[in-house]
Every structure is written in structure tokens, then in C-alpha cells.
Amino acid sequence: THVLKIEGLHVSVGDKPILRGVDLTINHGETHALMGPNGSGKSTLGLAIMGHPGYTVTGGSISLDGEDVLAMAPDERARAGIFMAFQRPMAIPGVKMADFLRHATTNVRRPDRKEGEELIPMREFRKELKEKMAHLRMDTEFARRYVNDGFSGGEMKRAEILQLAMLQPKFAVLDETDSGLDADAVRLASESIADIGREKMGLLIITHHDKLLVHNPPEFTHVMLGGRLVETGGKELAAELHESGYDRIRSAYPDAE
Ligand code: ADP
Ligand code: MG
Ligand code: MG
């Protein structure tokens with residue numbers, strides 16, 4: 001079974017320390033919710049896992065099945081099976097979703113493929129894409145649109161779900177937009193994640209929407225405060241924080257921020 005292991009992780013943006021010693025182990029098949037007030041460092045953790053160049057690891061380690069993730073370039077991390085859905089995904093005008101997905105899927109399934117080598121055969125890819133989209137009740141027309149170009153919040157979410165379904169990563173970090181998703185879009189995303197089979201991945205869900213967790217009850221909930229995970233619990237911790245906010249956490253850890 002696969003395991004993503006983060007130990008004593010310190011991350012800075014410029015010379016500002018953001019993460020100050022994060023330990024987190026995600027086993028394949030587990031869903032972890034990551035919560036915490038705005039600015040506590042949740043997105044920073046996701047971006048550091050993906051190797052975003054603006055986020056400098058100054059200490060600690062990240063490994064995937066014992067392999068040093070920090071030694072991998074961002075695209076190698078993706079090929080190794082780590083996926084991240086960004087809070088504000090980049091638009092790629094001129095590149096259709098289907099073409100983007102065919103490249104990305106090939107890279108993940110054939111991690112040794114060199115630039116310019118064959119992609120998965122079109123016929124095979126089309127068939128799979130069609131099946132996955134039907135399963136997710138998505139209109140195939142959606143795959144002909146340019147990646148994230150003028151997408152609504154709900155459409156970005158659907159694009160992300162479709163990527164998850166096609167790429168079948170070992171581990172996925174889902175960083176939720178703080179706004180722009182209506183209740184229906186969140187429910188649909190939530191059901192879709194469950195549909196894809198969350199048990200086939202390790203999931204780290206950064207969310208402010210308790211609805212996203214309804215169909216995906218987390219085995220573990222972590223609370224980040226001031227760049228550290230100050231508390232870990234089960235799904236009842238997520239429910240408590242959604243209900244009552246972070247006052248209890250802040251007063252329990254007055255020196256964390
Ligand atoms: P969260 O996702 O929990 O809201 P972030 O990880 O986005 O928190 O941010 C944590 C802290 O790091 C904040 O103080 C934020 O201002 C700072 N930070 C994150 N990314 C950048 C950046 N690219 N440039 C400057 N500061 C950043
Ligand atoms: Mg934020
Ligand atoms: Mg964030």
C-alpha cells in the first residue's frame with residue numbers, strides 16, 4: 001500500500017517562515033480533512049507537496065513510498081501519482097480539456113515517457129473519457145472547452161473532478177475555493193469524489209464547506225494554526241469546527257499564531 005509521509009516540514013515564502021514543523025502521514029485509501037483559519041498555512045502545505053517554486057522547504061522531509069519527493073521536480077511528482085487541485089487553477093486558452101487530459105493521463109500512466117513520444121492511443125483515450133464523463137453525468141461537450149478558460153467556480157470543480165477520475169492519482173490534495181461555489185456545486189463535487197472511489201486514493205481535503213465532507217467523511221481531521229498542526233481528530237472534529245469556528249482552538253493554543 002502507498003504512503004505519503006511528511007515529517008518536520010518547514011516552509012518559507014521569501015524569508016518569511018510559514019510552516020513550522022508539520023508531521024502528517026496519509027495512507028492510501030484514507031481521507032484527511034485539513035482545516036484552520038485563513039492564513040494558517042493550509043494552501044502552503046499543498047503547494048509545498050507539489051513543489052511550487054515560490055515555497056522553499058527549509059527543513060523536514062516529504063516521501064512517497066520511501067522515495068524523496070523533495071528531490072523531484074513538480075512534473076515528476078505528478079508522474080509519481082501526486083495530484084493537486086489549485087484554489088485558483090490556471091486557465092490555458094487554446095488547449096482543450098480533452099487534449100490536456102490526454103497528455104496528463106499519458107504522463108501518469110507512462111512515467112518514463114519522453115517529451116515527443118506517443119500519447120495513449122486516441123481511440124482508447126476517447127472511450128475512457130466518454131465512460132468517465134457519463135459516469136460523472138458530465139456533458140461530453142465540456143471536454144471540448146479550453147482548460148479553465150472562463151470557467152465558473154462550479155465548472156472548475158467539475159474539471160478538477162474529471163482530472164481526478166482520469167489520472168487516478170495515488171494521492172490528491174484538494175484545496176477548496178473559499179467562495180464562488182454554490183451549495184449544489186459542492187454537493188455534486190462531494191458525490192463525484194465518492195463516486196470516483198476515494199478508497200482508491202489518499203485524499204487531503206482543505207475545505208471550508210462541511211458539505212464537501214458529507215459524502216467523504218474524513219477518517220482524520222487536522223487543524224492548522226500558525227503553520228503547525230495543533231490538533232488531530234476524527235470527523236466529529238470537522239463537524240465541531242464547522243459549527244463553532246476556531247475560538248476554542250485559538251484559546252487552547254495562544255502561542256501558535
Ligand atoms: P491558508 O491557505 O491557510 O489560508 P496560506 O498557506 O495561503 O494560508 O498562507 C499562509 C501565510 O503565508 C499567510 O500569511 C500568507 O499571507 C503567506 N503566504 C502564502 N503564500 C504567499 C505568497 N505567495 N507570498 C507571500 N505570502 C504568502
Ligand atoms: Mg486562504
Ligand atoms: Mg488557502
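The shell around ligand 1 divides into four nonpolar, six polar and two charged residues. I should say at once that this is a predicted model.

Which residues make up that surrounding group? Along the sequence, they begin with Val 13, Lys 16 and Ile 18, continue with Pro 37, Asn 38, Gly 39, Ser 40, Gly 41, Lys 42, Ser 43 and Thr 44, and end with Tyr 55.

Let me turn to individual polar contacts. Gly 41 places a polar backbone atom 3.0 Å from an oxygen atom of ligand 1. For Ser 43, a backbone N or O atom is found 2.9 Å from an oxygen atom of the ligand. Thr 44, by contrast, uses its side chain: a polar atom there lies 2.6 Å from an oxygen atom of ligand 1. As for burial, ligand 1 taken alone exposes 560 Å², and the protein buries 62% of that. Two elements, β2 (16–27) and α1 (42–50), give two or more residues each to the shell. Of the elements, α1 gives the most, with three residues.

I now move to the second largest pocket. Its volume is about 270 Å³. How many residues line the second largest pocket? There are 13, and those nearest its centre are Ala 98, Arg 126, Leu 129, Ala 143 and Arg 144. At least two lining residues come from each of α3 (97–109) and α4 (122–135). The largest share belongs to α4, which supplies six residues. In character, the lining of this pocket comprises six nonpolar residues, one polar residue and six charged residues.

Terms used. Residues are numbered from 1 along each chain as its sequence is written. Chains are lettered from A and ligands numbered from 1 in the order in which they are written. This is a predicted model: local features need pLDDT of at least 70, side-chain atom pairs count only at pLDDT 80 or more; totals for chains, interfaces and linings use all residues. Side-chain values use heavy atoms; hydrogens and water are left out. On a 1 Å grid over the protein atoms alone, a cavity is a set of points where a 1.4 Å probe fits but cannot get out, and a pocket is an open set with protein on both sides within 12 Å along at least five of seven lines; lining residues have an atom within 4 Å of a point. Grid points are joined across faces, edges and corners, and a volume is the space filled by probe spheres set on the points. Helices (H or I, at least four residues) and strands (E, at least two) are DSSP runs, numbered from the N terminus. Ala, Val, Leu, Ile, Met, Phe, Trp, Tyr, Cys and Pro count as nonpolar, Asp, Glu, Lys and Arg as charged, and the others, Gly among them, as polar. A residue is near a molecule or strand if one of its heavy atoms lies within 4 Å of it. A polar contact is a pair of N or O atoms within 3.5 Å; within protein, one must be able to donate a hydrogen and the other to accept it, and residues adjacent in sequence count only if both atoms are side-chain atoms. Accessible areas come from the Shrake-Rupley method with a 1.4 Å probe; for residues, only the protein chains shown count as cover.
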